[in-house]
Amino acid sequence: MTKLIAGNWKMNCHVESGTALARGLADKANQSSKSADVAVCPPAPLIPLIIEATKNSPVSVGGQDCHWEDSGAHTGDVSASLLADLGCTYAIVGHSERRADHGETDAQVKAKTEAALAAGLIAIVCVGETEAQRDAGDAETVVGGQIEGSLPAGGTPDTVVIAYEPVWAIGTGRTPSLDDIAAIHGFIREKALASHGLGDGLRILYGGSVKPSNAAEILAIEDVGGALVGGASLTVENFWGIIESCP
Ligand code: PGA
């Protein structure tokens with residue numbers, strides 16, 4: 001299975017810095033023989049510029065979120081069909097920062113995933129436990145519940161990607177042990193996704209403080225289908241270092 005390395009720029013980059021980053025990645029990708037799927041998810045207003053900067057390269061572009069409706073009175077929101085119209089391939093849905101900052105529920109994430117699929121996008125559906133939930137031994141229950149609540153019927157390994165991102169590892173420099181990552185990815189594939197008939201072949205990304213120095217060992221884990229990268233996706237050197245770490 002080809003690994004997917006997706007950069008989540010979050011609320012970072014402006015016109016000049018974002019364009020330069022995208023151009024730098026496109027150049028690297030055009031010179032590389034590394035077989036990995038590479039995507040960047042810039043802030044929504046930058047998407048047309050980043051699509052332009054990465055055209056004629058294998059770098060794909062995604063949105064960081066989408067609304068569940070196709071159009072209407074939803075100030076500040078972006079529809080999945082507009083992302084597709086602009087040339088996006090992916091939409092991240094249910095990131096823990098949106099679940100926390102905007103109170104997004106599993107039901108809303110499910111509706112957003114449905115909208116992304118209807119628009120022909122690949123949905124990157126984020127799940128992950130808080131530190132308190134992990135300490136209480138509830139990580140699998142929480143993640144299993146999020147997958148149960150956030151995944152609509154009708155997804156396939158070609159249209160849905162799961163990103164397992166423990167909330168306590170995002171932006172903190174801390175990561176679970178390799179054994180813990182392997183265990184929860186195995187749980188997601190064999191239990192949580194299997195009950196949706198999706199266990200085989202669906203990519204499950206790991207996210208949370210992935211950087212060039214830890215990427216190789218994380219990406220070598222059998223059930224890890226790639227990485228969703230925040231902070232380390234903001235420089236060509238760091239992001240490309242992670243892509244180069246794909247086995
Ligand atoms: P991080 O963020 O790599 O900065 O920890 C990952 C994410 O939130 O997707």
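Two residues are in contact when heavy atoms of theirs lie within 4.5 Å, and this meaning of the word holds at each stop of the tour below. The model on your screen is a predicted one.

**Stop 1: Pro 43 and its surroundings**

Begin by selecting Pro 43, which you will find in the loop that runs between β2 (37-41) and α2. Its relative accessible area is 16%, and because anything under 20% counts as buried, Pro 43 is a buried residue. Which residues should you show around it, if neighbours within four places in sequence are left aside? Pro 43 is then in contact with Trp 9, Lys 10, Asn 12 and Gln 64. Now add Ala 132 to the selection, which stands 89 residues from Pro 43 along the chain, and you will see that the C-alpha atoms of the two residues are separated by 30 Å.

**Stop 2: two residues with positive phi**

From Pro 43 you can step directly to Lys 10, one of its contacts, which sits in the loop between β1 (4-8) and α1 (15-31). The backbone angle phi of Lys 10 is near 55°, which is a positive value in a residue that is not glycine. Such a value deserves a second look, because most residues other than glycine have a negative phi.

Next select Asn 56, in the loop that connects α2 (47-54) with β3 (59-63), where phi is again positive in a residue other than glycine, with a value near 65°. Is Asn 56 buried or exposed? Its relative accessible area is 68%, and since values over 50% count as exposed, Asn 56 is exposed.

**Stop 3: Ser 79, just before a helix**

Move on to Ser 79, which lies in the loop between β3 and α3 (80-86) and, with a relative accessibility of 14%, counts as buried. Show the side chains of Ser 79 and Ser 81 together, and you will find a polar contact between them at 3.2 Å. Then display the backbone of Leu 82 as well, whose nitrogen lies 3.0 Å from a polar atom of the Ser 79 side chain. If you leave aside the neighbours within four places in sequence, the residues in contact with Ser 79 are Cys 66, His 67, Glu 69 and Asp 70.

**Stop 4: helices α5 and α7**

The tour now turns to pairs of helices, and for each pair two values are given, because two packed helices are described by the angle between their axes and the distance between the axes. Select helix α5 (residues 106-118) together with α7, whose axes are 7 Å apart and form an angle of about 50°, so that α5 is oblique to α7. On the α5 side, Asp 106, Ala 107, Val 109, Lys 110 and Thr 113 take part, and they meet Gly 145, Gln 146, Gly 149 and Ser 150 of α7. By class, the residues of this contact divide into 2 nonpolar, 5 polar and 2 charged.

**Stop 5: helices α7 and α8, and then His 196**

Keep helix α7 (residues 139-150) selected and add α8, whose axis comes within 10 Å of the α7 axis and crosses it at roughly 45°, which makes α7 oblique to α8. The crossing of these two helices is right-handed. Where they meet, α7 contributes Ala 139, Glu 140, Val 143, Gly 144 and Ile 147, while α8 contributes Ala 183, Ile 184, Phe 187, Ile 188, Ala 192 and Leu 193. This contact has 9 nonpolar residues, 1 polar and 1 charged.

Follow the chain beyond α8 (178-193) into the loop that leads to β7 (204-207), and there you can select His 196, which at 26% relative accessibility counts as partly exposed. Apart from its neighbours within four places in sequence, His 196 is in contact with Ile 147, Glu 148 and Leu 151. Gly 155 is 41 residues from His 196 in sequence, whereas their C-alpha atoms are 9.0 Å apart in space.

**Stop 6: helices α9 and α10**

For the last stop, select helix α9 (residues 212-219) and helix α10 (residues 236-244), which pack with their axes 8 Å apart and at an angle of about 20°. How do the two run relative to each other? Angles under 35 degrees count as roughly parallel, and α9 and α10 are therefore roughly parallel to each other. Their crossing is right-handed. In the contact, Pro 212, Ala 215 and Leu 219 of α9 meet Asn 238, Gly 241 and Ile 242 of α10, and these residues divide into 4 nonpolar, 2 polar and no charged.

Terms used: Residues are numbered from 1 along each chain as its sequence is written. This is a predicted model: local features need pLDDT of at least 70, side-chain atom pairs count only at pLDDT 80 or more; totals for chains, interfaces and linings use all residues. Side-chain values use heavy atoms; hydrogens and water are left out. Axes are lines fitted to C-alpha atoms, for helices over the stretch in contact, and angles run from 0 to 180 degrees between N-to-C directions. Helices (H or I, at least four residues) and strands (E, at least two) are DSSP runs, numbered from the N terminus. Angles under 35 degrees count as roughly parallel, over 145 as roughly antiparallel, 65 to 115 as roughly perpendicular and the rest as oblique. A crossing is left-handed if the near helix is turned anticlockwise from the far one by less than a right angle, and right-handed if clockwise. Ala, Val, Leu, Ile, Met, Phe, Trp, Tyr, Cys and Pro count as nonpolar, Asp, Glu, Lys and Arg as charged, and the others, Gly among them, as polar. Buried means under 20% relative accessible area, exposed over 50%, partly exposed in between (1.4 Å probe, protein chains only). A polar contact is a pair of N or O atoms within 3.5 Å; within protein, one must be able to donate a hydrogen and the other to accept it, and residues adjacent in sequence count only if both atoms are side-chain atoms.
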